[in-house]
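This note comments on selected features of the structure shown below. The points are numbered so that each may be taken up separately.

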Amino acid sequence: MKIVKKVGILVGSLLAVASVGVSSAQNTPSDFKIAVVNVQQVLQQSPRVAQLSKKLEGEFKDRQTKIGDEQKSLQDMMDKFKQESPTMASKDKDAMQKKITADRSTLVAKVVSYQQDLQKQQSKIMQGVLNDLNGIVTTIAKSQNYGLVLDAQAVIYSVNGQDITKDVAKQFNALK
């Protein structure tokens, strides 16, 4: 669900900026319409976002499991070293310490690589979701003559008739 929170924050701020461009020059202050959309609600209740999160999780599950196994193996080796080091020969002790240090360095490199790859893929997915959501909000705003669309979480009060969350969610979830 981390992806949902990140996308929600990004979309909320971008909706306000992007929707300002939706207003046309013909609008006068008296007919300027403002709508709100609850981006977080759309994303949290979206089967599409859940499916994307599950797909991402599946893509990285094997690497995550492998890293977890290596962490356990390293911890076991460290526990064994701690227990046996008082009675070990100096040569064996040094060799085991070097192996533990090397294994730890290798594991840290794998964890960093895993996190970078995961973050890159999350960003790619978020960008696609963000583009789709902005397109939908823009289309609805233009078709219903809204001059401004704000994220509902940034609004203290709005009239219920100006909430386009259901329309946005319906169109967003219809995308494949």
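1. Asp117 has a relative accessible area of 28% in this predicted model. Asp117 therefore counts as partly exposed, since that class lies between the cut-offs of 20% and 50%. The side chain of Asp117 meets that of Arg63 in a salt bridge, with an N to O distance of 2.7 Å. This pair connects distant parts of the chain, as Arg63 belongs to helix α3 and Asp117 to helix α4, 54 residues apart. Arg63 is likewise partly exposed, at a relative accessible area of 30%.

2. A further salt bridge joins Arg48 and Asp132, whose closest N and O atoms are 2.4 Å apart. Here too the link is between distant parts of the chain: Arg48 is in helix α3 and Asp132 in helix α4, with their positions 84 residues apart in the numbering. The two partners fall into separate accessibility classes. Arg48 has a relative accessibility of 14% and so counts as buried, the cut-off for that class being under 20%. Asp132, with 26% relative accessibility, counts as partly exposed.

3. The salt bridge between Lys99 and Asp103 lies within one helix: both residues are in α4, four residues apart, which is about one turn of the helix. The closest N and O atoms of this pair are 3.1 Å apart. Lys99 is partly exposed at 46% relative accessibility, and Asp103 is partly exposed with a relative accessible area of 26%.

4. How many salt bridges does the count give? The count comes to five; among them are Arg48 with Asp132, Arg63 with Asp117 and Lys99 with Asp103.

5. Helix α5 spans residues 165-174, and its buried residues are Thr165, Val168, Ala169 and Phe172. Viewed down the axis of α5, these buried residues fall within an arc of 95 degrees, so they line one face of the helix. On the face turned away from that buried side, α5 carries the exposed residues Lys166, Lys170 and Ala174.

6. Against which elements do the buried residues of α5 pack? Their partners are the strand β1 (34-37) and the helices α2 (39-44), α3 (47-84) and α4 (90-143). Two of these helices also hold the salt-bridge partners discussed above: α3 contains Arg48 and α4 contains Asp132, while Arg63 is in α3 and Asp117 in α4.

How values were computed
Residues numbered from 1 in each chain as written. Predicted model: local features only at pLDDT ≥ 70, side-chain atom pairs only at ≥ 80, totals over all residues. Heavy atoms only, no water. Buried < 20%, exposed > 50% of the residue type's maximum accessible area, 1.4 Å probe, protein only. Helix = DSSP H or I, 4+ residues; strand = E, 2+ residues; numbered from the N terminus. Arc of directions from axis to C-beta. Contact = heavy atoms within 4.5 Å.
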